[in-house]
Amino acid sequence: MSPTTGTTTEKTRAPGVVSAAEPVPAVSPATSTVSAVPAPHDASPAGVRQVRSTAARFRHAVRRLPYLLVKGATKSVAIVALLLLWETAPRLGLVDRTFLPPFSEVAHAWWGLATDGQLADNARASLTRSFSGFGLAVAVAVPLGLLIGWYRPVADLLGPLLEVFRNTAALALLPVFVLLLGIGETSKISIVVYACTWPILLNTISAVRNVDPTLLKLAKSMNLSAPRLFQKVILPASVPVMFTGIRLAGAVSILVLVAAEMIGAKAGLGYLINASQYNFAIPQMYAGIITISAIGVAFNQLLVTVERRLSSWRVPAGG
């Protein structure tokens, strides 16, 4: 009771004064500071988060494993059926095994060529020529195709010349390349450049000319300069059709080179196939053919991966 008012009053204390009835917070001896702020309970360490993320990715991969196995089996069933037919038809007498040996004999011959180094040496020579010609064709045909497709005067000037050469088969000009450039590496790379140029060039011209007019109108309404319009609209819209030509050229670079290597070459897969035929080493001949097919498939998949990376902005067909 207050002696002046006769009523109960609350106790007041100055700031910083601790009441005897209240607990005193713990004081750290090292820092002499009051640890009054508790650590948050929802903060997880980086290591725990990383483990949880790894576990989530693992569970997702496990859930997708049956789908991937079914998809892989579906894609490989036709190849497996072909190999089984190849193995059984000569053994059952359906075809003459002298000219078409079973696949197991071809695989054995392929392994023999791979172990003694012949396959690697010939494949290296072919890939060097093929990739050199293919790279030069891309470096020449893509800028030229963009130029012809974008500027009408250039197309009018070079159009008749392109029509003449595009309808001339590369192998028909092989004797001309050999006469002018000899039977060395220059003629073989040049014939690959010539054969690969036309698919890339024609598809690039078509890609530039068939850009969606709505995109061009929208870009022009934003007052984009010609170089900016070309960089932001024309090039991205042309990538899918352009890469169709590049993939065709990738297949052509290997096929034409094999034919060129059969004339005056001392190394290469075409030389291996031709020499095996002359020596009647039929399993080795088929081993070279299989190697060419495998290289073509791998090269095409590489180009598909690059195309997906460059055209990642596209909306998939499913949504």
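Visitor: Leaving aside its neighbours within four places in sequence, which residues is K188 in contact with?
Guide: In this predicted model, K188 has its place in helix α6, which covers residues 185–209. Once neighbours within four places in sequence are set aside, the residues in contact with K188 are R129, I183, L257, A260, E261, I263, G264 and A265.

Visitor: K188 is buried, so which side chain of opposite charge is nearest, and how far away is it?
Guide: A salt bridge requires a side-chain nitrogen of Lys or Arg within 4 Å of a carboxyl oxygen of Asp or Glu, and K188 has no such bridge although it is buried. The nearest side chain of opposite charge is that of E185, at 5.7 Å.

Visitor: Which backbone oxygen does the side chain of K188 reach?
Guide: While K188 lacks a salt bridge, its side chain does come to 2.7 Å from a backbone oxygen, and a polar contact is counted within 3.5 Å. The residue that supplies this backbone oxygen is I183.

Visitor: Which helix gives the largest share of the largest nonpolar core?
Guide: This core has 54 residues, and those touching the most other members are F134, I191, I200, L201, I246 and L269. I200, for its part, touches A137, V138, A141, V142, G245, I246 and A249, not counting residues up to four places away in sequence. The largest share of the core, 13 residues, comes from helix α8.

Visitor: Over which residues does pLDDT stay under 50?
Guide: The protein averages a pLDDT of 78, and 81% of the residues score at least 70. Where pLDDT is low, the predicted coordinates should not be read in detail. The stretches under 50 include residues 1–43 and residues 315–319.

How values were computed: Residues are numbered from 1 along each chain as its sequence is written. This is a predicted model: local features need pLDDT of at least 70, side-chain atom pairs count only at pLDDT 80 or more; totals for chains, interfaces and linings use all residues. Side-chain values use heavy atoms; hydrogens and water are left out. Helices (H or I, at least four residues) and strands (E, at least two) are DSSP runs, numbered from the N terminus. Buried means under 20% relative accessible area, exposed over 50%, partly exposed in between (1.4 Å probe, protein chains only). Lys and Arg count as positive and Asp and Glu as negative; His and the chain ends are not counted. A polar contact is a pair of N or O atoms within 3.5 Å; within protein, one must be able to donate a hydrogen and the other to accept it, and residues adjacent in sequence count only if both atoms are side-chain atoms. Contact means heavy atoms within 4.5 Å. pLDDT is the predictor's confidence in each residue, from 0 to 100. A nonpolar core is a set of buried Ala, Val, Leu, Ile, Met, Phe, Trp, Tyr and Cys residues joined through side-chain atoms within 4.5 Å.
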